[in-house]
Amino acid sequence: MRYDMMESPIGDLLLAGDGEVLSRIGFPRGKGAITPKPSWVRDRSAFGLAKAQLRDYFEGERREFELPLAMQGTSFQVSVWRELAKIPFGLTISYGELARRLGNPAAVRAVGTANGANPLPIVIPCHRVIGSNGSLTGFGGGLETKKWLLELEQAVPEVSQLRLI
């Protein structure tokens, strides 16, 4: 596994994978924080395309990512992550809506768990999923980071009015 760090407005992000194909993005804090394992090799030249697209995103110049990704998870998790990738920039949906889109409206908790296990946040936009009452709930990078990302995308008219739970 190769990795590198990338400066961003939300803190240093850890990018990991084979050097070209991205398999993990880690936040600097929160439950989504990851640190490189001893067997991982730092490669400052890795993930050039991902770094460029993430910089463009943070500068407000990119709305979609076109990157080679390796999504490693159960078939259910991968189906949730593929559905997350369909949520357009600037829009949010609830966990219940995500479950409905997957054809299983009763699977809200399982969808929430899979959403929380997303190894490629930002690129696979799990931050666009909010509580059914409009609240910001659960996010690997912390709720302040989720709020920041939604404000960047202007995902809801008055994101500053949303409650952080």
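Cys-126 is located in the loop that connects helix 4 and strand 6. Helices (H or I, at least four residues) and strands (E, at least two) are DSSP runs, counted from the N terminus. The model is predicted: local features need pLDDT of at least 70, side-chain atom pairs count only at pLDDT 80 or more, and totals for chains, interfaces and linings use all residues. Residues are numbered from 1 along each chain as its sequence is written, and side-chain values use heavy atoms, with hydrogens and water left out.

## The annotated site

An unreviewed UniProt entry places the feature "active site" at Cys-126. UniProt positions follow the numbering used here, feature names are shortened, and annotations may be inferred rather than shown by experiment. With a relative accessibility of 6%, Cys-126 counts as buried; buried means under 20% relative accessible area, exposed over 50%, and partly exposed in between (1.4 Å probe, protein chains only). When neighbours within four places in sequence are set aside, Cys-126 is in contact with Leu-84, Asn-115, Asn-118, Pro-121, Phe-139 and Lys-146, where contact means heavy atoms within 4.5 Å.

Lys-146 also appears among the buried residues of helix 5, together with Leu-143, Thr-145, Lys-147, Leu-149, Leu-150 and Glu-153. The buried residues of this helix pack against helix 1, helix 3 and strand 6. Gln-154 follows helix 5 and has a positive phi, near 50°.

## Salt bridges

Seven salt bridges are found in a search of the whole structure; the term denotes a side-chain nitrogen of Lys or Arg within 4 Å of a carboxyl oxygen of Asp or Glu. Three of them are listed below.

| Salt bridge | Closest N and O atoms |
|---|---|
| Arg-2 and Asp-43 | 2.7 Å |
| Glu-97 and Arg-100 | 3.3 Å |
| Glu-153 and Arg-128 | 2.8 Å |

Glu-153 forms its salt bridge with Arg-128. Because Glu-153 belongs to helix 5 (residues 143-153) and Arg-128 to the loop between helix 4 (108-116) and strand 6 (129-130), the pair ties together parts that are 25 residues apart in sequence. Both Glu-153 and Arg-128 are buried. Elsewhere, Asp-4, Arg-42 and Lys-51 are joined into one network by salt bridges that share partners.

Arg-2 forms a salt bridge with Asp-43. Arg-2 is part of strand 1 (residues 2-6), while Asp-43 sits in the loop between strand 4 (41-42) and helix 1 (48-58), so this pair ties together parts that are 41 residues apart in sequence. Arg-2 counts as partly exposed at 40% relative accessibility, whereas Asp-43, at 15%, counts as buried.

Glu-97 and Arg-100 are three residues apart in helix 3 (residues 95-101), and are therefore separated by about one helical turn. Glu-97 counts as partly exposed at 24% relative accessibility, and Arg-100 counts as partly exposed at 47%.

## Strand pairing in the N-terminal domain

According to an unreviewed UniProt entry, the annotation "domain: Methylguanine DNA methyltransferase ribonuclease-like" covers residues 1-70. The end C-alpha atoms of this span lie 12 Å apart, and the span is 16% helix and 24% strand.

Strand 1 pairs with strand 2 (residues 13-17) in the antiparallel sense over five bridges; two strands pair if DSSP finds at least two bridges between them. Asp-4 stands opposite Leu-15 of strand 2. The two strands form a hairpin with six residues between them, and Gly-11 in the turn has a positive phi of about 110°. Strand 1 also pairs with strand 4, in the parallel sense and over two bridges. Arg-42 in strand 4 is the bridge partner of Tyr-3.

## Aromatic pairs

The structure holds six aromatic pairs. Rings of Phe, Tyr and Trp (its six-membered ring) pair if their centres lie within 6.5 Å; planes under 30 degrees apart count as stacked, over 60 as edge-to-face and the rest as tilted. Tyr-57 and Phe-58 form an edge-to-face pair, at 5.4 Å centre to centre with 70° between the planes. Tyr-57 is buried, with a relative accessible area of 0%, and Phe-58 is buried at 9%. The pair of Tyr-57 and Phe-65 is tilted, at 5.5 Å centre to centre with 45° between the planes; both of these residues are buried. Tyr-57, Phe-58, Phe-65, Phe-89 and Trp-148 form one aromatic cluster.
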